[in-house]
Amino acid sequence: MKSNGTSRRSFLSAGLMLPVVGAGARLGFASPSVGLPHPDGEASNTLSGGPAKLQYRTLGKTGLKVTTLGFGCMITSDPSVIERALDAGINYFDTARNYQHGNNERMVGAALGTRRKDIVLSTKTEASDKKGMQEHLETSLRELKTDYVDIWYLHAKDKPEQVTSEMIEVQQQAKKEGKIRFAGVSTHGGQQQLLPWMAKSGVFDVVLTAYNFTMDPGMDQAIDAAANAGIGIVGMKVMAGGFKSIRPSDPLFAKMKRDGAMLAALKWVLKKPQIATTIPGMTDMDQLEENLRAMAEPFAHGDQKVLEAHLETIKPLYCRMCGQCDGTCQQGLPVADVLRILTYADGYRQFALGRERYQQLAPEHRAASCGDCDSCTVNCPYGVKVSERVARAQELFA
Ligand code: SF4
Ligand code: SF4
């Protein structure tokens, strides 16, 4: 990865030098009713190298107008990238209480500064009881230097039974108290069950869901069910694991490097009008610059070709968390979770995050070893080499 300085120089030399003061204010999104002056559609930010198109959509029944490119802050440690995204006009930022051991919220709060009320801000809690959730929310507000968050997600729920009535009550109470504006759920897998359930429940405003070009049509139906119920849809995992950033010395590098695959993946997600915004992770100016293009360029035939080739490359590696494994792990491992955690290291090059999440697995799962099995009892119909990948996670993190 390039240094920040190098990346920034590249950003500027590409002709996308951004104004120092917040473009957001000039673009009119400067009130707690963020974005409301904008119709769905496009606007242009004034950049020295030419206009950068900003595309807006309405986030379901929240009425919030969000830029279709949002900012997932989970892996960002450089606040200047967030500041430049603000300058560029991005108006949705997402973090979570547990990212970077709580340090991510602090960094995001500092980067947003006085511009916090110009944007839509979301965070999440993994706590599962009232006391824990309330403590998390108070800490989040303090760290983010704000007296409310726009969206508060119940973090990483993949089945309806993981969302308890106690959690819903705490969310609704926080809403009444003005500490959150909207209640959401984030989900990595199981959407085809979870999203229709959320649609029927009537208590959720937003869902943050994995969605990318690897997924089958059932996923679109689940999203449509939620959107038809007025739930705002935010897309994550839009790059299907990244994988472009594997190090050049790795033998897989030549196979994996597909110029434009990440941009094509983002444009593919934005083809779906129900997806109001997306939150790709960004760590440097080059990624920010590339992702901004997704709001200006339509998905083209060439993008489809790139994605088809990319899918072939990542097939043995990327678990889409569809829950359709053929067979179960004889040692009881939550295979999809382990594969998702491995993607943090192999796809996004975030080893520390992967190891942190691996350490949160149950002790018996951390102690399991694929080497103890004569043969693997889990097959992936999509071609993921399950035992190889799980063994790699054990080698890297255990
Ligand atoms: S391993 Fe394959 S079948 Fe199992 S959850 Fe992942 S993508 Fe789906
Ligand atoms: S090889 Fe690994 S993933 Fe497969 S059944 Fe054994 S422990 Fe589970």
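The mean pLDDT of the protein chain in this predicted model is 86, and 83% of the residues reach 70 or more. Residues 1-37 have a pLDDT below 50; in the model, this stretch nevertheless has 83 contacts beyond near neighbours in sequence.

Eight strands form an open sheet with parallel pairing, in the order β4-β5-β6-β7-β8-β9-β10-β11. The sheet is bounded by the edge strands β4 (71-72) and β11 (275-278), each of which pairs on one side only. Within the sheet, β6 (residues 120-125) and β7 (residues 149-154) are paired in the parallel sense over four bridges. Ser-122 has Ile-151 of β7 as its bridge partner. Strand β7 is also covered by a helix: α6 (residues 165-176) lies across β7 and β8 (180-187), and the direction of α6 is at about 150° to β8.

A helix-helix packing was also examined. Helix α13 (residues 335-346) packs with helix α16 (residues 386-397) at an angle of about 60°, the axes being 9 Å apart. Because of this angle, α13 is oblique to α16. The crossing of the two helices α13 and α16 is left-handed. On the α13 side, the contact is made by Val-335, Val-338, Leu-339, Ile-341, Leu-342, Ala-345 and Asp-346; α16 contributes Val-386, Arg-389, Val-390, Arg-392, Ala-393, Leu-396 and Phe-397. Of the residues in the contact of α13 with α16, eleven are nonpolar and three are charged, with no polar residues.

Notes: Residues numbered from 1 in each chain as written. Chains lettered and ligands numbered in written order. Predicted model: local features only at pLDDT ≥ 70, side-chain atom pairs only at ≥ 80, totals over all residues. Heavy atoms only, no water. pLDDT = per-residue confidence, 0-100. Contact = heavy atoms within 4.5 Å. Axes fitted to C-alpha atoms, helices over the stretch in contact; angles between N-to-C directions. Parallel < 35°, antiparallel > 145°, perpendicular 65-115°, else oblique. Left-handed = near helix turned anticlockwise from the far one by under 90°. Nonpolar A, V, L, I, M, F, W, Y, C, P; charged D, E, K, R; others polar. Pairing = 2+ DSSP bridges.
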